Every structure is written in structure tokens, then in C-alpha cells.
Amino acid sequence: MKNLFNFANDMQMNHDYKKLQFIIHRGSHQIGGNCVEVATPNVKIVIDCGLPLDYDNQDLDIQEKIHEDAKGWLDHCDAVFLSHYHGDHYGLLSDAPKGTRVYTSKETAELMKVSGIFGEDLTEHLDIQVMNGTVAVKDFRVTAYPVDHSAYGACAFHFEVADKSILYSGDIRLHGKKGILYKNLPQNVDYLFLEGTNIGRGAKQRTETDMENEFIKQFDETPDSVHLVWCSSQNIDRIVALYRACKRTGRALCVDPYAAYVLELAHKAHTTIPTAKTHTNLLIFYPHRLTTKMIEKDPELIFGPYVKKRKLDVKLLQSHPGKYVMLFRPSLLYYAKTYLNEVKVCLTNSIWAQYWEQDKLDINRMKEWLEEKPELRKKLPDIHTSGHADVPSLQTIVKHVKPKHIVPIHSEHSDSFSSLFPDTSVMEVVDEVQHTI
Ligand SMILES: [Zn+2]
Ligand SMILES: [Zn+2]
């Protein structure tokens, strides 16, 4: 395992800023698990430190090695920059030494706080600093740029040292509601670390408006069923599309208190985002275990978004299932088993299809439950569009940024970048090889 910090210590401390170095610890040839280190002789910065997507399927000894590697990468770093709150970008930050300084967007910081109800509270372990414009970390000036992605508060980072600059795209797309944000990204950078999740997957991505229309079609075709839609509570664009589809088909969208809280946070920045307090056909349902956990963590998480008239009436749900859509995930199956066992139910995945294929206890239980009463419950086709840019969008980003060099990351097809960007130098990178700029 290489570590640029060791290199930094070995160098004569002449503060030669031209010795800017980077190393992709993980992510040069895979999707997810990103971890990049950039360093000069007297500063070490880590960008994201995520859990590989296949972590759960690995043997224990490999899982242990994954944590050991992360500890090494995060050791003695001056700061971590976290692009967004997806596990494949933040999932190994718990391996950072206590008190490690982590810069991120205000939105991501808020999500980290509330998401502590599901596991370790990273905000207690780390020194979270909200990015407000540009921050200085010794030699580096770092600026965050909000980008469109399927995670609330995602951003790209621009690192500047003397006359050198690196732009790290994070996860990015142009086909969501805020796709236009790419136009704010800085131009003429030296190196663009560009994600390439959808390279090799061909298809042009559909828009969130397409998702809205597909939901409407499904709801219209099954008017007697309640729809359970598995969608991330952080995927605000998708929830808005779902909400709009509900409104146009005369259904109420029901969300759990965690999603209700995330919507409250998002609404503060964008008042068009629906909340129980501001939008009539958005209701909150209160699964017992989740609600209890949230009250234990902080009663305000529940009582902040709570509105008496917006509490889902379970009896109405059971008598008129076709009037409701529920934002759902397999971990809420106990709620469905309690209240929806005798009700007509349709399930739709509005997440990356492979999540449904994972060999996980709660997903397997969900599949079994669907099969138990085929006359009542069915799984409908997925309605999803990627949180990542398609190839034409990546080319649009490159055309705007005009980097001297592209560094592929977050892709299984990094070798294809050079044919997609023939007018720009594309670096050949592999994990754990250091580069001097
Ligand atoms: Zn990712
Ligand atoms: Zn992501």
C-alpha cells in the first residue's frame, strides 16, 4: 500500500509546490469505493473514502484488509473532502482517526447527522466542517461546486496549489433537475478526475420527467393497488417526480419520518420540494422501530416534520389502497406485513436494478413476502434512471471544463476514455500508483 504522506515526509521540506502528487487508492477501474489522495511535501488530502460496492459479498479477511487499507490512507491526513453521502464514497470514514477534519457541503453534513440513527454517528467521530465557499488547507485552496447527482448535496471539488489545479467531479449527471449546474464548474483545469459509471453501458439516460410519466402509467394501470416504491430517501429528484405523479393521479405520497426529515432539510434550500407541512397530498407513516430509533436519537427528528393532519390514516389506506403510494425500502417490510397483508400491493424498484439482486436478508424476505400471495401482490417493472452521466453528458462536461488531462475514475471502462475524448489527453491510471504533476 502506497501512501503519499510517507513520500512527503521523505522529501526535503523545501515546500516545492510543483511536487503536487496524486494517487488513486481505489476507483481507477471500478465503480464505487472511491479514495484519492492529493499531496504536496507538506500537506496530505484525501478525497472520499468509500466502501466498495461488493463489500458485503467479500470474505471476512478481505473485509478486514479493506478497513486496514483505509486506515493507512486516512492516517495523518490534514483533511478529507467528502463529495456526497453515498456509502461508496463515505463508507470507510469510520476508519479515520478520531477527530479527522472532513469538509463537505452543508446538505451532506445534515444528512450525516440524521443518518446516525442507522449506524455509527460519524459526526461524533469526525470533525465535520461545512464548506462555505473556498477553504484553505495549508498549500491547497479548495472550492466546492454543487452538482446534479442522485444524492442530496453532492458536489465536485476544485483543488488549487500554486499554478496547478485538479477538478474532482465526484458522481455527476446532467439529466436530473439540476443538470445545468455543470456550467458553474471551473474551466481550463490541469486535471479533471471524471467519473465514468455509464461508460460501456451504452444507453442515453432518461430524465426525471420520463420517470414521472412512467409512474403515472403504472398507477393508472393498477387503480386498486397501493404502490410501494423502493427509492432512496436522499434521491430528492426522484421523490419530487414521484410526488408529481401522485398528484396527477389523485394519490397521496406517504413517506416514513426519515424521508420526511430529509425533505424538510431539502425544502429549506428549495421551497418547491414537497413536505408534509407545505404540500397537501404528502403524508407521513410511522413504522414503529424506525420511529422509536429516531426519537431516541433526537425527538426533533420526528416532531420537526410532524403535522397532525398529515399522519397517514392506516384504516383509509386499507380501505382505499388505490389512493396511496408509499416510499418504501425492504427494511420497512415489517410495516407492510403488519398493515398491508390483505391489501392489493404493487412493488416498483426505483433504484439501481442490481440492489434488488443482492443476496441480503431483508431483500430476500421482501421477495418471499411478494410470492406468498400472488393474487394480492406483484412486482412491476423498475422505473429508474441513473444518478450518473451518460457518454454525451460526459463529453459536454469535458467540452465545458477544457481540462489539459482527464483522469478516469469510478468506471469499469477506464480504458475506453481515450476513444471517447480524442481531443484531450487521458491518463492511464491504476490503483495505488502515484503520479507527480
Ligand atoms: Zn459513487
Ligand atoms: Zn453517488
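**Backbone, sheet and domains of the predicted model**

In this predicted model, histidine 410 is found in the loop that joins strand 18 (405–409) to helix 16 (417–420). Its phi angle is near 55 degrees, a positive value in a residue that is not glycine. In general, most residues other than glycine have a negative phi. Histidine 410 is also buried, because 29 other C-beta atoms lie within 10 Å and the cut-off for a buried residue is 20 or more.

Glutamate 432 likewise has a positive phi, of about 65 degrees, although glutamate 432 is not a glycine. This residue is placed in the loop between strand 19 (425–426) and strand 20 (434–436). Its surroundings were assessed by the count of C-beta neighbours: glutamate 432 has 14 of them inside 10 Å and so counts as partly exposed. The class of partly exposed residues falls between the limit for exposed, 12 or fewer, and that for buried, 20 or more.

An open sheet is formed by six strands, with parallel pairing, in the order 14-13-15-12-16-17. The edges of the sheet are taken by strand 14 (282–284) and strand 17 (377–379). Each of these two has a single partner strand, and therefore one side of each is left without a neighbour in the sheet. On average, neighbouring strands of the sheet are turned by 25 degrees against each other, direction ignored.

At one of these edges, strand 14 pairs with strand 13 (residues 252–255) in the parallel sense, over three bridges. Within this part of the sheet, cysteine 254 has leucine 283 of strand 14 as its bridge partner. Helix 8 (residues 257–269) packs on the sheet and touches strand 13, strand 14 and strand 15 (324–328). The direction of helix 8 makes about 105 degrees with that of strand 13.

At the level of the whole chain, two domains are assigned. Domain 1 comprises 4–202 together with 387–436, and domain 2 comprises 208–379. The centres of the two domains, taken over C-alpha atoms, are separated by 32 Å. Contact between the domains involves twelve residues of domain 1 and 14 residues of domain 2. On the side of domain 1 that touches domain 2, six residues are nonpolar, three are polar and three are charged.

Conventions
Residues are numbered from 1 along each chain as its sequence is written. Chains are lettered from A and ligands numbered from 1 in the order in which they are written. This is a predicted model: local features need pLDDT of at least 70, side-chain atom pairs count only at pLDDT 80 or more; totals for chains, interfaces and linings use all residues. Two strands pair if DSSP finds at least two bridges between them. Helices (H or I, at least four residues) and strands (E, at least two) are DSSP runs, numbered from the N terminus. Axes are lines fitted to C-alpha atoms, for helices over the stretch in contact, and angles run from 0 to 180 degrees between N-to-C directions. Two residues are in contact if their C-beta atoms, placed from the backbone, lie within 7 Å. Domain bounds come from an automatic or database domain assignment. Ala, Val, Leu, Ile, Met, Phe, Trp, Tyr, Cys and Pro count as nonpolar, Asp, Glu, Lys and Arg as charged, and the others, Gly among them, as polar.
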